[in-house]
Amino acid sequence: MVRQLATVIATVTPDRHGPVLRHLANDSDHTVRRVLAEQIRDLRGAASDDPNGELVDEVRANLATDPRHSVRRALDSGS
(Lines give C-alpha, C1' and ligand atoms only; values in the text may rest on other atoms or scores of the structure.)
Protein backbone atom coordinates (compact mmCIF):
# COMPACT_ATOMS: atom_id res chain seq x y z
CA MET A 1 0.00 0.00 0.00
CA VAL A 2 2.86 2.39 0.75
CA ARG A 3 4.52 1.80 -2.63
CA GLN A 4 1.18 2.29 -4.37
CA LEU A 5 0.81 5.65 -2.64
CA ALA A 6 4.38 6.50 -3.62
CA THR A 7 3.40 5.77 -7.21
CA VAL A 8 0.60 8.32 -7.10
CA ILE A 9 2.82 10.96 -5.51
CA ALA A 10 5.68 10.32 -7.95
CA THR A 11 3.45 10.73 -11.00
CA VAL A 12 2.16 14.08 -9.76
CA THR A 13 5.72 15.48 -9.71
CA PRO A 14 7.75 13.31 -12.09
CA ASP A 15 10.50 15.94 -12.36
CA ARG A 16 11.32 15.35 -8.70
CA HIS A 17 10.81 11.59 -8.68
CA GLY A 18 12.27 10.24 -11.94
CA PRO A 19 14.44 7.54 -10.32
CA VAL A 20 11.50 6.47 -8.15
CA LEU A 21 9.25 6.12 -11.21
CA ARG A 22 11.86 3.99 -12.96
CA HIS A 23 12.17 1.79 -9.89
CA LEU A 24 8.41 1.45 -9.44
CA ALA A 25 8.02 0.42 -13.10
CA ASN A 26 10.08 -2.65 -12.19
CA ASP A 27 8.55 -3.29 -8.76
CA SER A 28 8.10 -6.93 -7.83
CA ASP A 29 4.45 -6.31 -6.88
CA HIS A 30 2.24 -6.21 -9.96
CA THR A 31 -0.35 -4.06 -8.17
CA VAL A 32 2.24 -1.29 -7.81
CA ARG A 33 3.02 -1.51 -11.52
CA ARG A 34 -0.70 -1.51 -12.35
CA VAL A 35 -1.30 1.65 -10.29
CA LEU A 36 1.67 3.26 -12.03
CA ALA A 37 0.23 2.31 -15.42
CA GLU A 38 -3.12 3.83 -14.46
CA GLN A 39 -1.45 7.03 -13.29
CA ILE A 40 0.96 7.46 -16.19
CA ARG A 41 -1.33 6.60 -19.12
CA ASP A 42 -2.72 10.14 -19.37
CA LEU A 43 0.57 12.01 -18.89
CA ARG A 44 2.03 13.66 -21.98
CA GLY A 45 5.06 12.14 -23.64
CA ALA A 46 8.11 13.50 -25.43
CA ALA A 47 6.08 14.65 -28.43
CA SER A 48 4.62 17.37 -26.20
CA ASP A 49 6.39 20.36 -24.71
CA ASP A 50 6.46 18.65 -21.33
CA PRO A 51 10.05 18.51 -20.02
CA ASN A 52 9.22 15.17 -18.37
CA GLY A 53 8.04 13.67 -21.64
CA GLU A 54 11.07 11.45 -22.20
CA LEU A 55 10.82 10.02 -18.70
CA VAL A 56 7.10 9.38 -19.15
CA ASP A 57 7.74 7.65 -22.48
CA GLU A 58 10.51 5.53 -20.93
CA VAL A 59 8.30 4.35 -18.06
CA ARG A 60 5.35 3.82 -20.40
CA ALA A 61 7.50 1.68 -22.74
CA ASN A 62 8.68 -0.39 -19.80
CA LEU A 63 5.13 -1.00 -18.61
CA ALA A 64 3.95 -1.79 -22.15
CA THR A 65 6.11 -4.92 -22.07
CA ASP A 66 5.15 -5.95 -18.54
CA PRO A 67 4.61 -9.70 -18.10
CA ARG A 68 1.25 -9.06 -16.40
CA HIS A 69 -1.68 -8.52 -18.73
CA SER A 70 -3.47 -6.41 -16.10
CA VAL A 71 -0.59 -3.91 -16.12
CA ARG A 72 -0.52 -3.64 -19.91
CA ARG A 73 -4.29 -3.32 -20.01
CA ALA A 74 -4.29 -0.57 -17.35
CA LEU A 75 -1.79 1.34 -19.46
CA ASP A 76 -3.96 1.08 -22.58
CA SER A 77 -7.45 1.36 -21.10
CA GLY A 78 -7.39 5.16 -21.03
CA SER A 79 -6.65 5.49 -24.74
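These are my notebook entries on how the helices of this predicted model pack against one another.

**Entry 1: helix α3 and what surrounds it**

I began with α3, residues 30–40, and looked up which of its residues are buried. The list I obtained is Thr31, Val32, Arg33, Val35, Leu36, Ala37 and Ile40, and I noted that these buried residues pack against α1, α2, α4 and α5. I then took the partners of α3 in turn, starting with α1.

**Entry 2: α1 against α3**

For α1, residues 2–12, I looked up the geometry of its approach to α3, and found that the two axes come within 9 Å and cross at roughly 20°. That angle is under 35 degrees, and α1 is therefore roughly parallel to α3. The crossing of this pair is right-handed.

Next I listed the residues that meet: from α1 these are Arg3, Gln4, Thr7, Val8 and Thr11, and from α3 they are Thr31, Val32, Val35, Leu36 and Gln39. Sorted by class, the contact holds 4 nonpolar, 5 polar and 1 charged residue.

**Entry 3: α3 against α4**

I turned to α4, residues 53–64, whose axis comes within 10 Å of that of α3 and crosses it at roughly 135°. The pair is therefore oblique, and I recorded its crossing as left-handed.

On the α3 side I found Arg33, Leu36, Ala37 and Ile40, which meet Val56, Val59, Arg60 and Leu63 of α4. The class count for this contact is 6 nonpolar and 2 charged residues, with no polar ones.

I looked more closely at Ile40, and asked which residues it touches once its neighbours within four places in sequence are left aside. The answer was Val56, Val59, Arg60, Leu63 and Leu75.

**Entry 4: α4 against α5**

The axes of α4 and α5 come within 8 Å and, again by my reading of the angle, cross at roughly 135°. That makes α4 oblique to α5. The residues that meet are Arg60, Leu63 and Ala64 from α4 with Val71, Arg72 and Leu75 from α5, and by class I counted 4 nonpolar and 2 charged residues, with no polar residue.

I also checked Ala61, which is found in α4 and is partly exposed, with a relative accessible area of 44%. Its C-alpha lies 9.9 Å from that of Leu75, although the two residues are 14 apart in sequence.

**Entry 5: the largest nonpolar core**

I then asked which members of the largest nonpolar core touch the most other members. Out of its 15 residues, these are Leu21, Leu36, Ala37, Ile40, Val59 and Leu63. The elements giving two or more residues to this core are α2 (18–24), α3, α4 and α5. Reading this beside the earlier entries, I noted that Leu36, Ala37, Ile40, Val59 and Leu63 also take part in the contact of α3 with α4.

**Entry 6: two buried positions**

Asp66 caught my attention in the loop between α4 and α5, the latter being residues 69–76. Is Asp66 buried or exposed? Its relative accessibility is 6%, and Asp66 therefore counts as buried, the cut-off being under 20%. Beyond its neighbours within four places in sequence, Asp66 is in contact with Arg33, Val71 and Arg72. Of these partners, Arg33 belongs to the α3 side of the contact with α4, while Val71 and Arg72 belong to the α5 side of the contact with α4.

Gly18 is in α2, and at 6% relative accessibility Gly18 too counts as buried. I looked up its separation from Val59, which is 41 residues away in sequence, and obtained 9.4 Å from C-alpha to C-alpha.

**Entry 7: two exposed positions**

For contrast I looked up Thr65, which sits in the loop between α4 and α5. Thr65 is exposed, with a relative accessible area of 62%, and its C-alpha is separated by 12 Å from that of Arg34, 31 residues apart along the chain.

The other exposed position I checked was Glu54 in α4, where the relative accessible area is 65%. The C-alpha atoms of Glu54 and Arg44, 10 residues apart along the chain, are separated by 9.3 Å.

Key:
Residues numbered from 1 in each chain as written. Predicted model: local features only at pLDDT ≥ 70, side-chain atom pairs only at ≥ 80, totals over all residues. Heavy atoms only, no water. Axes fitted to C-alpha atoms, helices over the stretch in contact; angles between N-to-C directions. Helix = DSSP H or I, 4+ residues; strand = E, 2+ residues; numbered from the N terminus. Parallel < 35°, antiparallel > 145°, perpendicular 65-115°, else oblique. Left-handed = near helix turned anticlockwise from the far one by under 90°. Contact = heavy atoms within 4.5 Å. Nonpolar A, V, L, I, M, F, W, Y, C, P; charged D, E, K, R; others polar. Buried < 20%, exposed > 50% of the residue type's maximum accessible area, 1.4 Å probe, protein only. Core = buried A, V, L, I, M, F, W, Y, C linked by side-chain atoms within 4.5 Å.
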